[in-house]
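The exercises below are meant to be worked through with the sequence and the structure side by side. Try each task before reading its solution.

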Amino acid sequence: MVAYVKNNFLLVPIIVLLLFVVSSYARFSTKVTKDEISDICTQKDRDINELVCFEVLESIPGIATRNHSDLAKFLIKYDSQKFSDMMKQFQSLENSTTDRSSKGSYHVCSETSDLAIGCFDTALTSLANKDYLTLYYNVGCTMTMAGTCRDELSTVVKANPQLFKDISFVRDVAFIVLMRTFM
Ligand SMILES: *[C@@H]1O[C@H](CO)[C@@H](O)[C@H](O)[C@H]1NC(C)=O
Ligand SMILES: *[C@@H]1O[C@H](CO)[C@@H](O)[C@H](O)[C@H]1NC(C)=O
């Protein structure tokens, strides 16, 4: 009985996931509309900074002529660049900090940024190969990395508040990619 119930529980997420993946095949080739951009950025139940969201999406050249695959690609490249800038900043903070604990935290953040960049690289390849499940996991990976870094930073006594904003920002952008292509 217990085994039966367990197996059924396992089945449900797989079916839901398959539905997401199948439905997202259609999503990728459709054009991004102005209404949609507005919808993405103004969802009240989501943890997204509206101002940042509009700023990023409106910076995409010819956004209204693009499909969702293009949108995801642009946002992934954009976010990867941001992580790369953050990584340099964390490396330099790690080098200049003498406090051992803070140094360790900056080290974790520079490592997680590096890992996130790797996940974005894989995400771009899987997007090109239309391997949307791998895409999903790898964009999710960057959000996990951002979360890990943020938790580490919160242990640094004199962490620059801008760093927290930067991390929320990259996390928001990754979230937009997931939301737009899979939900
Ligand atoms: C999206 O549009 C680009 C051209 O802007 C095209 O190369 C690509 O194949 C399209 N992707 C899908 C999934 O339709
Ligand atoms: C930090 O220090 C390492 C080792 O000394 C050095 O290779 C690296 O370039 C430095 N990075 C920055 C951003 O200062």
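**Exercise 1.** How many residues of the shell around ligand 1 are nonpolar, how many polar and how many charged?

*Solution.* Keep in mind from the start that this is a predicted model. Begin by finding the residues that surround ligand 1, which are F28, S29, N67, S69 and D70. Sorting the residues of this shell by class then gives 1 nonpolar, 3 polar and 1 charged.

**Exercise 2.** Which helices each supply at least two residues of the shell around ligand 1, and what share of the area that ligand 1 exposes when taken alone does the protein bury?

*Solution.* First, place the shell on the chain: α1, which covers 2-29, and α4, which covers 68-96, each contribute at least two of its residues. Next, look at the polar atoms, where a side-chain atom of N67 lies 2.3 Å from an oxygen atom of ligand 1, and a polar side-chain atom of D70 lies 2.7 Å from an oxygen atom of ligand 1. Finally, turn to the surface: ligand 1 exposes 370 Å² when it is taken alone, and the protein buries 48% of that.

**Exercise 3.** Which residues are around ligand 2, and how do the residues of its shell divide into nonpolar, polar and charged?

*Solution.* The residues to pick out around ligand 2 are K88, Q91, S92 and N95. For N95, an N or O atom in the side chain is 2.3 Å from an oxygen atom of ligand 2. On its own, ligand 2 has 360 Å² of accessible area, of which the protein covers 30%. Dividing the shell by class yields no nonpolar residues, 3 polar and 1 charged.

**Exercise 4.** Are α4 and α5 roughly parallel or antiparallel to each other?

*Solution.* Start from the geometry of the pair, in which α4 and α5 pack at an angle of about 160° with their axes 8 Å apart. Angles over 145 degrees count as roughly antiparallel, and α4 and α5 are therefore roughly antiparallel to each other. The crossing of these two helices, α4 and α5, is left-handed. Their contact is made up, by class, of 15 nonpolar, 8 polar and 6 charged residues.

**Exercise 5.** At what angle does helix α6 pack with α5, and at what angle with α4?

*Solution.* Take α5 first: this helix, residues 100-128, packs with α6 at an angle of about 170°, and the axes are 8 Å apart. It follows that α5 and α6 are roughly antiparallel to each other, and their crossing is left-handed. In the contact of α5 with α6 there are 16 nonpolar, 8 polar and 1 charged residues. Then take α4, which packs with α6, residues 132-153, at an angle of about 30°, the axes being 13 Å apart. Because angles under 35 degrees count as roughly parallel, α4 and α6 are described as roughly parallel to each other, and α4 passes α6 in a left-handed crossing.

Notes: Residues numbered from 1 in each chain as written. Chains lettered and ligands numbered in written order. Predicted model: local features only at pLDDT ≥ 70, side-chain atom pairs only at ≥ 80, totals over all residues. Heavy atoms only, no water. Near = heavy atom within 4 Å. Polar contact = N/O pair within 3.5 Å; in protein donor to acceptor, adjacent residues only side chain to side chain. Areas by Shrake-Rupley, 256 points an atom, 1.4 Å probe, with all protein chains shown as cover. Helix = DSSP H or I, 4+ residues; strand = E, 2+ residues; numbered from the N terminus. Nonpolar A, V, L, I, M, F, W, Y, C, P; charged D, E, K, R; others polar. Axes fitted to C-alpha atoms, helices over the stretch in contact; angles between N-to-C directions. Parallel < 35°, antiparallel > 145°, perpendicular 65-115°, else oblique. Left-handed = near helix turned anticlockwise from the far one by under 90°.
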